[in-house]
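Biologist: I have a model open on my screen and would love a guided tour. Could we go through it together, one question at a time?

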Amino acid sequence: MEKLDARIRNHDREIEKMCNFHHQGFVDAITELLKVRADAEKLMCQVTDTNRRLQEAGREVTAQTEEVIRCRIQQRNMATTVEKLQLCIPVLEMYSKLKEQLESKRYYAALKTMEQLEKVYIPRVSQYRFCQIMAENLPRLREEIKEISMSDLKDFLESIRKHSDKVGETAMRQAQQHRTFNSAVAKQASTGHYTKPVYSLNGRTHTHTHNGLMMEEDSGEEEEADEEVLTAQDLVDFSPVYRCLHIYTVLGDRETFENYYRKQRKKQARLVLQPQANMHETVEGYRRYFNQIVGFFVVEDHILHATRGLVTRAFTDELWNMALSKIIAVLRTHSSYCDDPDLVLELKNLIVIFADTLQGYGFPVNRLFDLLFEVRDQYNETLLKKWALVFREIFELDNYSPIPVETEEEYKLVVSRFPFHDAEIEKQDFPKKLPMSQSVPQIYTQVKEFIYASLKFSESLHRSSTEIDDMLRKSTNLLLTRTLSSCLQNLIKKPHIGLTELVQIIINTTHLEQACRYLEEFITNITNVSPETVHTTRLYGLSTFKDARHAAEGEIYTKLNQKIDEFIQLADYEWGMAESDGRASGYLMDLINFLRSTFQVFTHLPVSLIHLPTSHPSSQPPLPLP
């Protein structure tokens with residue numbers, strides 16, 4: 001403890017020494033500190049004031065700094081917005097373009113725009129709600145486009161049904177003009193000059209004459225001369241079909257469209273092929289019927305070549321075969337009602353133009369030309385009926401007396417109408433009489449007119465000259481052997497025809513029989529077919545006129561016997577006479593006078609017909625003529 005206390009005391013002394021050593025410094029430091037205290041307070045005030053003033057000055061900077069920060073945030077947001085808008089704007093522009101295309105009815109372009117929206121633009125911004133709404137609207141817009149395009153197609157089908165008549169009329173007129181031009185060119189090639197108008201310019205028709213000069217004739221139809229060549233595309237707007245086809249193709253539903261189109265066109269074909277009940281009454285009825293059919297198939301041919309696969313050749317051939325069967329049945333039925341040969345001829349011309357028109361579009365028309373042979377038979381029947389009336393009128397108006405000719409001009413006029421040649425009569429002085437009556441040149445002229453009328457039907461049938469020659473000869477044979485023969489037989493049987501008229505009829509038939517060879521030459525000149533051709537049909541006029549002459553001779557015998565019987569039956573016999581007074585009875589004298597005058601008439605008969613036939617209805621022998 002003592003050691004410890006001693007050590008403590010030592011440390012205390014050292015501490016005291018140290019404190020004494022540093023006491024003055026401590027005092028000085030405290031003194032200095034007290035001096036600094038005042039300066040510190042002054043500095044504190046200055047620092048506080050400076051801090052206040054700094055805070056006041058920094059408050060505006062802080063506000064501006066915050067504004068800068070806010071602007072930087074806005075700038076960043078704007079950049080992000082611009083970036084997103086740059087992605088959305090093309091989508092909105094395409095959708096706006098889509099709306100404009102729909103409003104302007106550019107549906108095919110609208111579908112292409114939809115496709116771009118779906119595949120390119122919308123996937124880029126699919127996270128936005130408006131894009132989802134757009135994507136949901138696109139299928140609905142497609143359905144609207146399908147419905148609108150189908151509505152346009154229905155309007156188109158209705159339109160072409162109404163315009164088929166005009167389209168067909170234009171096509172048939174062009175085919176007729178083409179056929180007329182080809183005929184004129186062929187005629188020029190064969191004859192070396194034009195004899196008919198060939199083409200027209202500015203309403204004037206140019207005609208070549210035999211001397212090679214050009215002559216102008218006024219066509220009278222300047223509008224038609226200046227009319228441009230129109231096609232189906234000029235008359236009908238086919239854009240709805242193309243548009244609808246493209247739309248359904250883009251939508252992947254082309255097959256539905258094709259089936260609908262073909263089904264509707266089949267229905268329209270059946271409607272077009274239904275004729276009006278009174279079609280056979282006028283040629284306009286037939287013309288409208290043919291125009292509608294031609295218009296229908298011209299449109300189908302255009303669709304066939306302008307589109308790929310909407311209609312096929314097999315489909316159009318099927319339609320045509322169906323239509324052809326219906327057309328032939330309709331023409332057979334309606335033509336059978338027609339009894340006017342002019343109307344039948346116009347019908348034939350329409351059928352030829354109709355067939356040529358459709359043949360130009362690649363449709364087979366052989367069956368139509370086969371039908372024309374049936375129509376030709378009917379045409380010949382109507383001609384025969386018409387000429388039967390003509391012959392009856394000629395026979396009724398004939399005076400059955402030789403033709404008197406006062407001058408050479410009259411003689412030449414008769415000879416120009418009928419091939420009469422007689423050297424003895426030609427040597428006689430005027431006035432003189434020709435043996436036949438007025439009906440002979442008239443009948444001959446009418447037979448030639450019949451041949452001309454029959455030839456009109458044979459034109460443009462695409463048949464050879466030999467076939468046309470055969471047609472003419474057969475129809476002429478029918479005229480002679482059936483119509484003219486029947487008229488002659490009826491004439492001979494008429495009660496008012498006396499012996500004088502019967503004799504004149506025999507003379508007339510003789511001259512008509514002799515003129516048959518001139519009719520053959522007439523037909524030969526028309527057809528340019530040599531009569532020596534193996535298959536050339538001969539005219540049966542000889543047998544016709546011989547039969548008529550035999551009938552007239554038999555009628556003469558019958559009437560003569562009847563007249564003799566009348567004389568004998570009406571005689572007043574004196575049964576109580578004692579003896580004959582040597583004179584003939586009065587009735588017998590009258591009978592002899594009658595026979596004398598009658599036999600005088602018979603002297604006009606040709607020498608070859610001097611005796612009546614032995615084949616007569618009575619068992620009595622014929623009376624020889626002096």
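Biologist: Let's begin with a pair of rings: are Tyr289 and Phe290 buried or exposed?

Modeller: Happy to help, and please keep in mind that this is a predicted model. A residue counts as buried when its relative accessible area is under 20%. Both Tyr289 and Phe290 fall in that class, so the word for the two of them is buried.

Biologist: How many aromatic pairs are there, and what kind of pair do Tyr289 and Phe290 make?

Modeller: The count of aromatic pairs comes to 16. For Tyr289 and Phe290, the ring centres are 6.0 Å apart and the planes meet at 55°. Planes under 30 degrees apart would be stacked and those over 60 would be edge-to-face. Since 55° fits neither class, the pair is tilted.

Biologist: Which aromatic cluster do Tyr289 and Phe290 belong to?

Modeller: Here we can look beyond the two rings. One aromatic cluster takes in both residues and also includes Phe296, a name that will come back later. The full membership is Tyr289, Phe290, Phe296, Phe297, Trp320, Phe354 and Phe363.

Biologist: What kind of pair do Phe418 and Tyr444 make?

Modeller: Two values settle it, as a pair of aromatic rings is described by the distance of the centres and the angle of the planes. The centres of Phe418 and Tyr444 are 5.4 Å apart, with planes at 85°. That angle is over 60 degrees, so this pair is edge-to-face.

Biologist: Where in the chain do Phe418 and Tyr444 sit, and how many residues apart are they?

Modeller: Phe418 is in the loop between helix H12 (408-417) and H13, while Tyr444 belongs to helix H14. Phe418 has 1% relative accessibility and counts as buried; Tyr444, at 7%, is buried as well. The pair links distant parts of the chain, with a separation in sequence of 26 residues.

Biologist: Now for a charged residue: is Arg265 buried or exposed, and which residues is it in contact with?

Modeller: Arg265 is in helix H7, which covers residues 254-272. Its relative accessible area is 0%, and because that is under 20%, Arg265 is buried. Leaving aside neighbours within four places in sequence, the residues in contact with Arg265 are Leu157, Ile160, Phe296, Val299 and Glu300.

Biologist: What does the side chain of Thr307 reach?

Modeller: Thr307 is in the loop between helix H8 (283-306) and helix H9 (313-335). With a relative accessible area of 6%, Thr307 is buried. Outside its neighbours within four places in sequence, Thr307 is in contact with Tyr242 and Leu245. Its side chain reaches, at 2.5 Å, the backbone oxygen of Ile303.

Biologist: Is Glu144 buried, exposed or partly exposed?

Modeller: You will find Glu144 in helix H3 (residues 129-191). Its relative accessibility is 33%, and the class between 20% and 50% is the one that applies, so Glu144 is partly exposed.

Biologist: Let's turn to empty space: which helix gives the most residues to the lining of the largest cavity?

Modeller: The structure holds three cavities of 30 Å³ or more, and about 60 Å³ of space lies in the largest cavity. Helix H14 (439-458), helix H15 (465-493) and H16 each give two or more residues to the lining of the largest cavity. That lining has eight nonpolar, three polar and no charged residues. With four residues, the helix giving the most is H16.

Biologist: And in the second largest pocket, which residues lie nearest the centre?

Modeller: This pocket holds about 380 Å³ of space. Its lining divides into ten nonpolar, five polar and four charged residues, and H16 gives the most to it, with three residues. Of the 19 lining residues, those nearest the centre are Phe420, Asp422, Ile425, Pro435 and His511.

Biologist: To finish with the whole chain, how many helices and strands are there?

Modeller: The chain has 626 residues, of which buried residues make up 38%. Among contacts between residues at least 6 apart in sequence, 74% join residues at least 24 apart. As for the elements, the chain has 19 helices and five strands.

How values were computed
Residues are numbered from 1 along each chain as its sequence is written. This is a predicted model: local features need pLDDT of at least 70, side-chain atom pairs count only at pLDDT 80 or more; totals for chains, interfaces and linings use all residues. Side-chain values use heavy atoms; hydrogens and water are left out. Buried means under 20% relative accessible area, exposed over 50%, partly exposed in between (1.4 Å probe, protein chains only). Contact means heavy atoms within 4.5 Å. On a 1 Å grid over the protein atoms alone, a cavity is a set of points where a 1.4 Å probe fits but cannot get out, and a pocket is an open set with protein on both sides within 12 Å along at least five of seven lines; lining residues have an atom within 4 Å of a point. Grid points are joined across faces, edges and corners, and a volume is the space filled by probe spheres set on the points. Ala, Val, Leu, Ile, Met, Phe, Trp, Tyr, Cys and Pro count as nonpolar, Asp, Glu, Lys and Arg as charged, and the others, Gly among them, as polar. A polar contact is a pair of N or O atoms within 3.5 Å; within protein, one must be able to donate a hydrogen and the other to accept it, and residues adjacent in sequence count only if both atoms are side-chain atoms. Rings of Phe, Tyr and Trp (its six-membered ring) pair if their centres lie within 6.5 Å; planes under 30 degrees apart count as stacked, over 60 as edge-to-face and the rest as tilted.
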